[in-house]
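Q: I have a sequence and a model open here and would like to talk through the sheets and the ligand site. Could you take me through them one at a time?

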Amino acid sequence: MPAIPSSTPLPTAEPLEPQDPNSLFAMAVAATNRACEVISAPAFVRAILTQPKNELIVNFLVQMDDGHYKMFKGYRIQHNNILGPYKGGMRYHPEMSLDDGKALALWMTMKSALMRLPYGGAKGGVKVNPRDLSPTELMRLTRRFTAALGNTIGPDHDIPAPDVGTTAQIMDWMMDTFLNTHESDSKQALRHVVTGKSLPCGGSEGREKATGQGFVYVLQELLPEFNLSMEEMRFSVLGFGNVGSNTATILQSLGAKLVAVADHTGFLRTTIADAGIDATLLAAHVAKSGAIGGFEARNTEWVERETFYRTPIDVFIPAALERMVDKQVAQWLNCKVVAEGGNGPCTPEADALLAYRNIALLPAILCNSGGVTVSYLEWVQNKQGVKWTLEQVDTELKTTIVNAARRVRLASHQYNIDMATAAYVVAIEHITKAYNNRGIFP
Ligand code: NAD
């Protein structure tokens, strides 16, 4: 029996429809609305999900190494917390904006719900290029930003994690600042205010590779849907950072071949289709130099952008930043499946063209949820004061994400919808049940 009697008047607000259809937030809202249509989600759930609960902007000064002060703009967007504390990454990027943060926060709500984690969704960050700062400036910026956020974040209220441009080191500084600005009987008891920390500071085994590892578990489960096998799979990757490099090296260890790879420094392709590019060697090069540029290996060549995208493969993995797959790229792609490693990689026009061309799409909210899942496992370990082995973490991650992939496949068959819409459907059905059972206060 739902807690909200059918006679109760519910909010009649229209779901939010942002004006610019190419804005990241408009893309996230459109996907949410599409899924709500499929399951006839109540109007009040749509109204709640199509806008964040809280949007905070902070402006704060940071002292630079030469002594002068510079003003920075930081954000924290808390999208939804019906299932548990707000949860989501902090991004340091020159194009970080409120609108993008709102989209990324909405996607975090969907990921948590889809994975059945007791979390809501949030996102934040600072408008800054971290490469322009020295390590001491980066530390001061992180401490000032964390202090400016005050009680907006908290171990059982809103839990940040790394994202583009932030690292375990930055999470350590964030945690340390929070511990030193908040009262507690035991400071260590607040360590779970941030996840993605380094191992000595309370991080979890397996967090670094978690997003790539989760991605591979999803592919292992769903590849048979497309008559593909891991051993014979040929793939290309756009973006070779945390997500792209970990995904590629794990896929390679299972027999798949990396045929082409690109980042902001260039486009690399193998000259012998059956040989592939050694993802492990390339990852070592990127770890040292920061990008794929300058990588030299036998049987590889640098190619033009168009040639990279036209290279025949089975699975294309966009794992860079948002909106990088536009209509033109969607026209060039020569693959059976696009599996989204990064968030929101395809523009709405690209999505439509891929569907028209019968190229299947596995959505980011399923494929890259390994990160938030292992963040949750880190949080649980911190709360319980225990330390799990890598095997324990990987086993939990696998169970969680494979179950989610199965739910998505089931919903896709049940409603006769694509996998991307199905992923939102599975998430929103779960959230709707929580709202129906709890009701709207007062
Ligand atoms: P990262 O900063 O480690 O790597 C980003 C990659 O994108 C780099 O290889 C960079 O060269 C490439 N790139 C940037 N601009 C480019 C351009 N113009 N053309 C081609 N390549 C370009 O970031 P990451 O952590 O791997 O995150 C990538 C995506 O995955 C983001 O959308 C992020 O939100 C998402 N994501 C990350 C995690 C995580 O755990 N790191 C979890 C979930 C989702």
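**Sheets and ligand site**

A: Starting with one sheet, 5 strands make up an open sheet in the order β1-β2-β4-β3-β5, and the pairing is mixed; strands here are DSSP runs (E, at least two residues) numbered from the N terminus, and two strands pair if DSSP finds at least two bridges between them.

Q: Which strands stand at the edges of that one, and why?
A: β1 (54-63) and β5 (158-162) do, because each has a single partner strand, so one side of each is left without a neighbour in the sheet. Neighbouring strands of this sheet are turned by 25 degrees against each other on average, direction ignored, with axes taken as lines fitted to C-alpha atoms and angles running from 0 to 180 degrees between N-to-C directions.

Q: How many bridges join β1 to β2?
A: β1 and strand β2 (residues 69-80) run antiparallel and are joined by 10 bridges; in one bridge, Q63 has Y69 of β2 as its partner.

Q: Before we go on, what sort of model is this, and how are residues numbered?
A: It is a predicted model, in which local features need pLDDT of at least 70 and side-chain atom pairs count only at pLDDT 80 or more, while totals for chains, interfaces and linings use all residues. Residues are numbered from 1 along each chain as its sequence is written, and side-chain values use heavy atoms, with hydrogens and water left out.

Q: OK, what is the strand order in the sheet of 7 strands?
A: That open sheet runs β9-β8-β7-β6-β10-β11-β12, with mixed pairing. Its edge strands, β9 (300-302) and β12 (360-362), each pair on one side only, and neighbouring strands are turned by 20 degrees against each other on average, direction ignored.

Q: In what sense do β7 and β8 pair?
A: β7 (residues 257-263) and β8 (residues 266-270) pair in the antiparallel sense over 4 bridges, and A260 has R269 in β8 as its bridge partner.

Q: Switching to the ligand, which residues come nearest?
A: Of the 21 residues around the ligand (a heavy atom within 4 Å of it), those are D163, T211, F240, H264 and N343.

Q: What polar contacts are there?
A: Counting pairs of N or O atoms within 3.5 Å, a polar side-chain atom of D163 lies 2.8 Å from a ligand oxygen atom, and a side-chain N or O atom of N343 is 2.8 Å from a ligand oxygen atom. V243 instead uses a backbone N or O atom, 2.9 Å from an oxygen atom of the ligand.

Note on methods. Polar contact = N/O pair within 3.5 Å; in protein donor to acceptor, adjacent residues only side chain to side chain.
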